[in-house]
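Biologist: I'd like to go through this model with you, strand by strand and helix by helix. Can you take my questions as they come?

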Amino acid sequence: MFLYNITLQRATGITHAIHGNFSGTKMQEIVVSRGKILELLRPDANTGKVHTLLTMEVFGIIRSLMAFRLTGGTKDYIVVGSDSGRIVILEYQPSKNMFEKIHQETFGKSGCRRIVPGQFLAVDPKGRAVMIGAIEKQKLVYILNRDAAARLTISSPLEAHKANTLVYHVVGVDVGFENPMFACLEMDYEEADNDPTGEAAANTQQTLTFYELDLGLNHVVRKYSEALEEHGNFLITVPGGSDGPSGVLICSENYITYKNFGDQPDIRCPIPRRRNDLDDPERGMIFVCSATHKTKSMFFFLAQTEQGDIFKVTLETDEEMVTEIRMKYFDTIPVATAMCVLKTGFLFVASEFGNHYLYQIAHLGDDDDEPEFSSAMPLEEGDTFFFQPRPLKNLVLVDEQENLSPIMSCQIADLANEDTPQLYVSCGRGPKSTLRVLRHGLEVHSHIHTNTLSSFDAYIIVSFVNATLVLSIGETVEEVTDSGFLGTTPTLSCSLLGDDALVQVRDINLHRLLQSCMQKCNDSLLVVASSVSDLHALVQGQLNEYTERKEMSADVVCMSLANVPPGEQRSRFLAVGLVDNTVRIISLDPSDCLQPLSMQALPAQPESLCIVEMGGVEKQDELGEKGTIGFLYLNIGLQNGVLLRTVLDPVTGDLSDTRTRYLGSRPVKLFRVRMQGQEAVLAMSSRSWLSYSYQSRFHLTPLSYETLEYASGFASEQCPEGIVAISTNTLRILALEKLGAVFNQVAFPLQYTPRKFVIHPETNNLVLIETDHNAYTEATKAQRKQQMAEEMVEAAGEDERELAAEMAAAFLNENLPEAIFGAPKAGAGQWASLVRLVNPIQGSTLDQVQLEQNEAAFSVAVCRFTSAGDDWFVLVGVARDMILNPRSVGGGFIYTYRLTGGGDKLEFMHKTPVEDVPLAIAPFQGRVLVGVGKLLRIYDLGKKKLLRKCENKHVPNLVTGIHTIGQRVIVSDVQESLFWVRYRRNENQLIIFADDTYPRWVTTACLLDYDTMASADKFGNISIVRLPPNTSDDVDEDPTGNKALWDRGLLNGASQKAEVIVNYHVGETVLSLQKTTLIPGGSESLVYTTLSGGIGILVPFTSHEDHDFFQHLEMHMRSEFPPLCGRDHLSFRSYYFPVKNVIDGDLCEQFNSMDPHKQKSVAEELDRTPPEVSKKLEDIRTRYAF
């Protein structure tokens, strides 16, 4: 078995975000890393939308990212610390739209290791040096400079190692132009290591250490080190030199402290807390991320606590000495991994979980009545300030980027009867969790728009059977009567000619003009076809008709002209579709006007044609005009619902390299529209599709919208790239904003983290279990609030009773939405959980059962029992008083519910106590299999509880999953891979007859066939194991124990071993696997979803020839286009097990973004042309998915 890996949706969770002028212009961009992907985003300052400019797979783990610019430079470079054992410096090339590797310096082994640098990066704010550090011991400093040709140079590494030292964070200190300085949060564990009593470990203090790079002597010195009182978690650089006082802010538990050299005393300020917080008051509070904003005259920091509250932090200075830290509550947003404040006044927030946001900073919060806290205010040691959280006031949400991370579980099924299956994905964490339904298609926003400017459209013309309506686009869209159009007859076509003339083609004599169509081109040439099968060409001026008419061999059904190339007067070609199933390309050159150049035969009659220029790269011509230079494509829509895309040679007019896609059951109409500055084609059949080029790949994506009949491109001020379209008998104005997105999403909110869900086969409802650790149930929350309110009243003196009672009442009535403000943290060992019954189409909750405090649901199954007739039951496995570390559990239960009311209600039957956590439940032959801790048991339904029928005690650690097929049960263990168990009915025994030879920490598994299992582990590998053909499951377990020991098993396990047929490292933890088809009529594929929000598929090759081709392509790509951050592709895909029988489609698809001459050389090695290689890549994608 040979498989090919295709990523359908790249990971959406963001691990790092930095901002800077990467393209060298005044515009600021954001570079984010998504695990093993580097992405460049540009927020549009006018619309506030975030556009993705470039996404690159780096085939390595990005551990740190930093932007830097050389002194006096205008362009930012990107430094990447990864698991490759190399430091890599990248530059973004806007002309090619790609990252170019400028430097790659090797310093250590590959992999994420303790003492190999890569985890921490710090840059000198003046861009003179960069420090790259490991978690332990090693730190290297590289000096950056420029040579005579102004190219970036990098020095040899200078060592700043210190043994037995753990590093928590590193930043560059802003010291102006003195010797570059780096500040480190460190801990020396040498004494703790040598002290067996453990006393030294308890007393070890964290230190703040400054390293100075002496540019004169060219080496690094440990300048200064100081022990810290609190345990710090990260540092913030304070602007220095002429901009500020320099030094660092240390964010630690409950405090933020300012430190600097010399006579500067430490300034510390407690972190304010929420008033009347339900959290445990003993729990410390920390800042988790920050952003710095600096202008010529001032600077401030935005720091976010782990509850999501943002504080604006400013420093008061007196002659270079900092006198106080001031903090003011700014706003509350979801907890972020990174925040970036841009010069345009935007705040980009990369959320830990849930969607990412772009906010506009509307106010700096200086003049509001929010109290300001200062380090100068007198406070008892251990006391802090209190503030009242509130909805957004200083920030305005302008855009959000959908983020699926973390995908906890996923099922693919067509529950809404739409022909194409939907992906039902439960994702998110805590109160921000959602159940999302993903459908393949582009999201469509409906607008009605206004505009006045002439670079936008001014009229919409709608033709009816017996009339023509002219709408003007102003503040609103309204009818115009004096447009000069004849309104009483139908308009067959109309066009703008030159700057101020409109042309209307009317049907004067229905008998003579049976069909008629017309095309315009760059406002200067008009071609009219009347179906007496002749063509007229008119050139602007006095609309003088060319003397020649072109007699065609058959009736003309459709035509298309290309847009005029920049700097030319007219278009070169006219494409004409004829009734005899051909398309002809005709020259419009004045020297040989209307001469046929080439033709192509079609499988059916053409319905419409469209010539567009796509796949271009931005170029500037001599006058500085920006334009794109791409390829000309002729798109042909046929009457049988097929779209053909053919390359049109811009010189000779030859047609070559045709690709076909079936779009739907109706004839395909084509319309040219503009998308993100490039031409695109809107194709309409029974579904509407958009064909566009995005990041050097062609996408043909359906629109998630009702069927459209007709459309036209549309531009207005609010909607620069819109589409105006007719659907049934209404006029719609649409905008497509999320280009490149594979799925559009509908999200339904949940209360706790969704763990698993099952589909009820009869009603298609979902049964979902949600469980949160460190959380309160609703009942406990209400109880705690009541208790706190009573305490407030009791604590007040006699004369303040009334006031206290009012405050308590206000506190009880106040209800902040947890999705924004976060849920209260209850402490370790506290669990909240519920079972929910959801209608997947409306997303409505039909029924929900709240479990008691400290009961945590971990598994769910829906099944029937032979003993109970046709009733459906839901079984939920629950743990009681579970503590994660060190692991202990107060027992477990299996709750049994009957589905009543046509599957809309959960009726509680009984609960069965068990000794350990039931982590897996599966129906089996009219009874159920339950994994209780490490025991595998069969239960049957009883009146008062479930009755135990049979058990097996030989699974080594913990049963995490159960799959059944026939008499076989396949059990996955938490760290020992898979076990094949046979149920022997006559003896009522469960007997392990085969297992795997590798330890695998299985997260999820999936049955492929009777002998084959696919499994994924928590380190990001997918493997497929198969029982050898001679495996017998007819084994005896010897109850007497007389058998010789050597017959018992092999390698301490079962006597038969499964063999590995596929190993592949995805690079993200896979939490769901399913074998399914994704498109109607497609072949089956193995779909996986990852913790970071990625969705991918593994598909089998159908022929040896294909496999051979892709194997060679992958091999050439590895050598010609090595991964961006210096990791070796083969060793990345073999991180834990050598990659076996899988070809990486992500690498193969980078073929399209290579230089044309490299593409040519690789294609020649494969005996193909570059278009043939891209066609193969596209074909294997469309055969299985999208």
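Modeller: Sure, and one term before we start: buried means under 20% relative accessible area. Keep in mind that this is a predicted model.

Biologist: Let's start with β17. Which residues point the other way from Gln 206, Leu 208, Phe 210, Glu 212 and Asp 214?

Modeller: In a regular strand the side chains alternate between the two faces of the sheet. β17 covers residues 206-214, and 9 of its 9 residues are buried. Gln 206, Leu 208, Phe 210, Glu 212 and Asp 214 point one way, and the buried set pointing the other way is Thr 207, Thr 209, Tyr 211 and Leu 213.

Biologist: How many bridges join β17 to β18?

Modeller: On one side, β16 (residues 181-188) pairs with β17 in the antiparallel sense over 7 bridges, with Leu 185 partnered by Leu 208. β18 (residues 219-227) also runs antiparallel to β17, and there Tyr 211 has Arg 222 as its bridge partner. The number of bridges between β17 and β18 is 8.

Biologist: And in the hairpin of β17 and β18, which residue takes a positive phi?

Modeller: This hairpin leaves 4 residues between the strands. The phi in question is near 60°, and it belongs to Asn 218.

Biologist: Over to β29. Which residues of β29 are on the side opposite Phe 346, Phe 348 and Ala 350?

Modeller: β29 spans residues 346-351 and is mostly covered, with 6 of its 6 residues buried. Both faces are covered, with Phe 346, Phe 348 and Ala 350 sharing one side. On the other side, also buried, sit Leu 347, Val 349 and Ser 351.

Biologist: What stands opposite Ala 338 in β29?

Modeller: β28 (residues 336-341) runs antiparallel to β29, and 5 bridges join them. Their hairpin has 4 residues between the strands, and Gly 345 has a positive phi near 90° there. Opposite Ala 338 you'll find Ala 350.

Biologist: In β30, what is the bridge partner of Val 349?

Modeller: β29 and β30 (residues 356-361) are antiparallel, paired over 4 bridges. The hairpin between them has 4 residues between the strands, with Gly 354 at a positive phi near 85°. The partner of Val 349 in β30 is Tyr 357.

Biologist: Those strands fall in an annotated stretch, I gather. How much of residues 14-400 is strand?

Modeller: UniProt, in an unreviewed entry, lists residues 14-400 as "domain: RSE1/DDB1/CPSF1 first beta-propeller". In the model, the end C-alpha atoms of that stretch are 13 Å apart. Helix accounts for 3% of it, and strand for 52%.

Biologist: Now a loop residue: is Thr 420 buried or exposed?

Modeller: Thr 420 lies in the loop between β34 (407-413) and β35 (422-427). Beyond neighbours within four places in sequence, Thr 420 contacts Asp 414, Arg 687, Leu 1078 and Pro 1080. Its relative accessible area is 18%, so Thr 420 counts as buried.

Biologist: Which are the edge strands of the open sheet that includes β1?

Modeller: That sheet has 5 strands with mixed pairing, in the order β84-β85-β86-β1-β87. An edge strand pairs on one side only, which here fits β84 (1070-1076) and β87 (1142-1144).

Biologist: What angle does α10 make with β1?

Modeller: α6 lies across β1 (3-9) and β87, at about 50° to β87. Helix α10 (residues 1170-1184) packs on the sheet too, touching β1, β85 and β86 (1095-1100). The direction of α10 makes an angle with that of β1 of about 75°.

Biologist: Last one: what is the crossing angle of α6 and α9?

Modeller: Leu 1113, His 1116 and Glu 1120 in α6 meet Lys 1158, Val 1162 and Glu 1165 in α9. The contact residues divide into 2 nonpolar, 1 polar and 3 charged. The crossing is right-handed. The axes of α6 (residues 1104-1120) and α9 (residues 1156-1165) come within 10 Å, and they cross at roughly 145°.

Technical notes:
Residues numbered from 1 in each chain as written. Predicted model: local features only at pLDDT ≥ 70, side-chain atom pairs only at ≥ 80, totals over all residues. Heavy atoms only, no water. UniProt positions renumbered as here; feature names shortened; annotations may be inferred. Helix = DSSP H or I, 4+ residues; strand = E, 2+ residues; numbered from the N terminus. Axes fitted to C-alpha atoms, helices over the stretch in contact; angles between N-to-C directions. Left-handed = near helix turned anticlockwise from the far one by under 90°. Contact = heavy atoms within 4.5 Å. Nonpolar A, V, L, I, M, F, W, Y, C, P; charged D, E, K, R; others polar. Pairing = 2+ DSSP bridges. Buried < 20%, exposed > 50% of the residue type's maximum accessible area, 1.4 Å probe, protein only.
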